[in-house]
Amino acid sequence: MNQFFQVEGEEKIFAIGDCCNVQEQKMSAMAKFQASHVIQNIINHNLKKDMKPYTPHGPLMVVPIGP
């Protein structure tokens, strides 16, 4: 996978979440950030605009509260 979440050697295949090699925590919240980024890059790719490289987010802590 490259910095735009494209699978190596494939221009139109993107990967996010557990199947990608981004150096950040494997959490569903991170996949949400990745998905938003990939959506914009797919739009840019289809419009022949420059795609933006992904920058991993800092540490995230999720604390469940309630029953």
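**Helix α1, outer face**

I looked first at the face of α1 turned away from its buried side, and found the exposed residues Ser 28, Lys 32, Ile 39 and Asn 46 there. My cut-offs: buried is under 20% relative accessible area, exposed is over 50%, and partly exposed lies in between (1.4 Å probe, protein chains only). The model is predicted, so I took local features only at pLDDT of at least 70 and side-chain atom pairs only at pLDDT 80 or more, while totals for chains, interfaces and linings use all residues. Numbering runs from 1 along each chain as its sequence is written, and side-chain values use heavy atoms, with hydrogens and water left out.

**Helix α1, inner face**

Which residues of α1 are buried? I listed Met 30, Gln 34, His 37, Val 38, Asn 41, Asn 44 and His 45. Seen down the axis of α1, these buried residues fall within an arc of 115°, so they line one face of the helix. The arc is taken from the directions from the helix axis to the C-beta atoms. I noted the general rule beside this: an α-helix has 3.6 residues a turn, so residues three or four places apart point the same way.

**Helix α1, length**

I then checked the span of α1. Its 19 residues, at 1.5 Å a residue, should span 27 Å. The end C-alpha atoms are 27 Å apart, which agrees. The expected span is 1.5 Å times one less than the number of residues. Helices (H or I, at least four residues) and strands (E, at least two) are DSSP runs, numbered from the N terminus.

**Nonpolar patch**

Ile 39 came up again here. Together with Ile 43 and Leu 47, Ile 39 forms a nonpolar patch on the surface, with about 280 Å² of accessible area for the three together. Patches take residues with over 30% relative accessible area and no salt bridge; like charges are joined within 9 Å, nonpolar side chains (Val, Leu, Ile, Met, Phe, Trp, Tyr) within 5 Å. A salt bridge is a side-chain nitrogen of Lys or Arg within 4 Å of a carboxyl oxygen of Asp or Glu. Areas come from the Shrake-Rupley method with a 1.4 Å probe; for residues, only the protein chains shown count as cover. Ile 43 sits in α1, residues 28–46. With a relative accessible area of 38%, Ile 43 is partly exposed.

**Positive phi**

Most residues other than glycine have a negative phi, and most peptide bonds are trans. I therefore noted Phe 5, with phi near 75°. Phe 5 lies in the segment before α1. Buried or exposed, Phe 5? Phe 5 is buried, at 0% relative accessibility.

Lys 48 also has a positive phi, about 65°, just after α1. Lys 48 counts as exposed, at 74% relative accessibility.

**Contacts**

I counted contact as heavy atoms within 4.5 Å. For each residue below I left aside neighbours within four places in sequence.

- What does His 37 touch? His 37 touches Phe 5, Lys 52, Pro 53 and Tyr 54. This α1 residue counts as buried at 18% relative accessibility.
- Ile 16 is in contact with Phe 5, Ala 31, Gln 34, Ala 35 and Val 38. Ile 16 comes from the segment before α1 and is partly exposed at 30% relative accessibility. Ile 16 and Phe 5 are 11 residues apart in sequence and 6.7 Å apart in space, C-alpha to C-alpha.
- Gln 6 is in contact with Met 1, Glu 11, Ile 13, Phe 14, His 45 and Met 51. Gln 6 also lies before α1 and is buried, with a relative accessible area of 8%.
- Phe 33, in α1, is in contact with Tyr 54 and His 57. Phe 33 is partly exposed at 34% relative accessibility. The C-alpha atoms of Phe 33 and Cys 20 are separated by 13 Å, with their places 13 residues apart along the chain counted as the separation.

**Whole chain**

I closed with the totals. The protein chain has one helix and zero strands. Its C-alpha trace spans about 45 × 20 × 20 Å along the principal axes. Of its 67 residues, 27% count as buried. The accessible surface comes to about 5,100 Å², and 59% of that belongs to carbon and sulfur atoms. Among contacts between residues at least 6 apart in sequence, 45% join residues at least 24 apart.
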